[in-house]
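Q: Please give a close look at one part of this structure, for a reader who has not seen it before. Start with any enclosed space, and then work outward from there.

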Amino acid sequence: MPTQAVSDDYAINAIGSEQSARIVFSTDRNIDLYELEELCDAVGWSRRPLRKVKKAIQHSFLVVTMWEQQGSRRRLIGFSRATSDHAFNATIWDVVVHPSFQGKGLGKALMHQLIKKLRSEDISNVTLFADPHVVNFYKNLGFMPDPEGIKGMFWYPD
């Protein structure tokens with residue numbers, strides 16, 4: 001059975017329906033990669049080889065997904081993951097929320113679940129890389145540029 005937790009009793013109106021849907025968070029890594037690819041396509045991310053996506057998920061310290069649950073139907077609407085040294089540090093990667101569910105506080109809720117779980121594992125230093133158009137989203141969640149002014153450095157193969 002997948003590990004699931006419903007947080008803060010989220011309920012949304014399903015599009016085109018009078019039924020309401022629950023938002024369910026899960027740490028189960030058994031994700032349909034094609035469904036994840038559709039989610040990433042919906043926000044305009046470049047496609048990545050599914051074998052590499054699978055490997056990244058398997059080797060992540062934590063994966064938190066967000067699902068729209070309407071009756072017995074479940075739809076992946078959010079994904080996030082973090083890598084870690086398992087002691088002090090974690091880096092958040094691949095935070096994505098379906099465009100139909102953006103602007104409703106669900107990205108914030110997904111991040112809250114991810115950070116809460118990292119803190120429960122006694123991780124005290126959480127970092128991430130943000131594209132310019134989402135920097136304010138992360139600032140509003142309490143993230144800040146490195147207070148010591150250290151600049152990130154990158155190495156890419158030629």
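The answer below starts with the cavity, turns to the helix beside it, and then follows the salt bridges, strands and pockets.

A: This is a predicted model, in which local features need pLDDT of at least 70 and side-chain atom pairs pLDDT 80 or more, while totals for chains, interfaces and linings use all residues. Residues are numbered from 1 along each chain as its sequence is written, and side-chain values use heavy atoms, with hydrogens and water left out.

The structure holds one cavity of 30 Å³ or more. A cavity is a set of points on a 1 Å grid over the protein atoms alone where a 1.4 Å probe fits but cannot get out, and its lining residues have an atom within 4 Å of a point. The volume of the largest cavity is about 120 Å³, taken as the space filled by probe spheres set on the points, which are joined across faces, edges and corners. Around the largest cavity stand Leu 33, Leu 36, Glu 37, Cys 40, Asp 41, Trp 45, Ser 46, Arg 47, Arg 48, Leu 50 and Val 53. Six of the lining residues are nonpolar, one is polar and four are charged (Ala, Val, Leu, Ile, Met, Phe, Trp, Tyr, Cys and Pro are nonpolar, Asp, Glu, Lys and Arg charged, and the others, Gly among them, polar).

Two helices, α1 (33–42) and α2 (50–58), each supply at least two residues of this lining (helices are DSSP runs of H or I with at least four residues, strands are runs of E with at least two, and both are numbered from the N terminus). The most comes from α1, with five residues.

Which residues of α1 are buried? They are Leu 33, Leu 36, Glu 37, Leu 39 and Cys 40 (buried is under 20% relative accessible area, exposed over 50%, partly exposed in between, with a 1.4 Å probe and protein chains only). Viewed down the axis of α1, the buried residues fall within an arc of 160 degrees, so they line one face of the helix (the arc is that of the directions from the helix axis to the C-beta atoms). Tyr 34 and Glu 38, on the other side of α1, are exposed.

The salt bridges come next. There are seven salt bridges in the structure (a side-chain nitrogen of Lys or Arg within 4 Å of a carboxyl oxygen of Asp or Glu). Arg 47 and Asp 41, both named above in the cavity lining, meet through their side chains in a salt bridge, at 2.5 Å from N to O. Arg 47 counts as exposed because its relative accessibility is 58%, and Asp 41 counts as partly exposed because its value is 30%.

Elsewhere, Glu 68 has salt bridges with Arg 73, where the closest N and O atoms are 3.8 Å apart, and with Arg 75, also with 3.8 Å from N to O. Glu 68 is buried, at a relative accessible area of 3%, whereas Arg 73 is partly exposed at 41% and Arg 75 is partly exposed at 24%. Back at the cavity, salt bridges that share partners join Glu 37, Asp 41 and Arg 47 into one network.

Glu 68 belongs to strand β4 (residues 62–70), which runs antiparallel to strand β5 (residues 73–84) and is joined to it by nine bridges (two strands pair if DSSP finds at least two bridges between them). These two strands form a hairpin with two residues between them, and Gly 71 in the turn has a positive phi of about 65 degrees. β5 also pairs with strand β6 (residues 89–97) in the antiparallel sense, over six bridges. That hairpin has four residues between its strands, and His 86 in the turn has a positive phi of about 70 degrees. Phe 79 of β5 stands opposite Thr 65, and its bridge partner in β6 is Val 96.

Val 96 leads to the largest pocket (an open set of points with protein on both sides within 12 Å along at least five of seven lines). About 890 Å³ of space lies in this pocket. It is lined by 27 residues, and Trp 45, Val 95, Val 96, Val 134 and Tyr 138 are those nearest its centre. β6 gives the most to this lining, with six residues. Trp 45 also takes part in the lining of the cavity.
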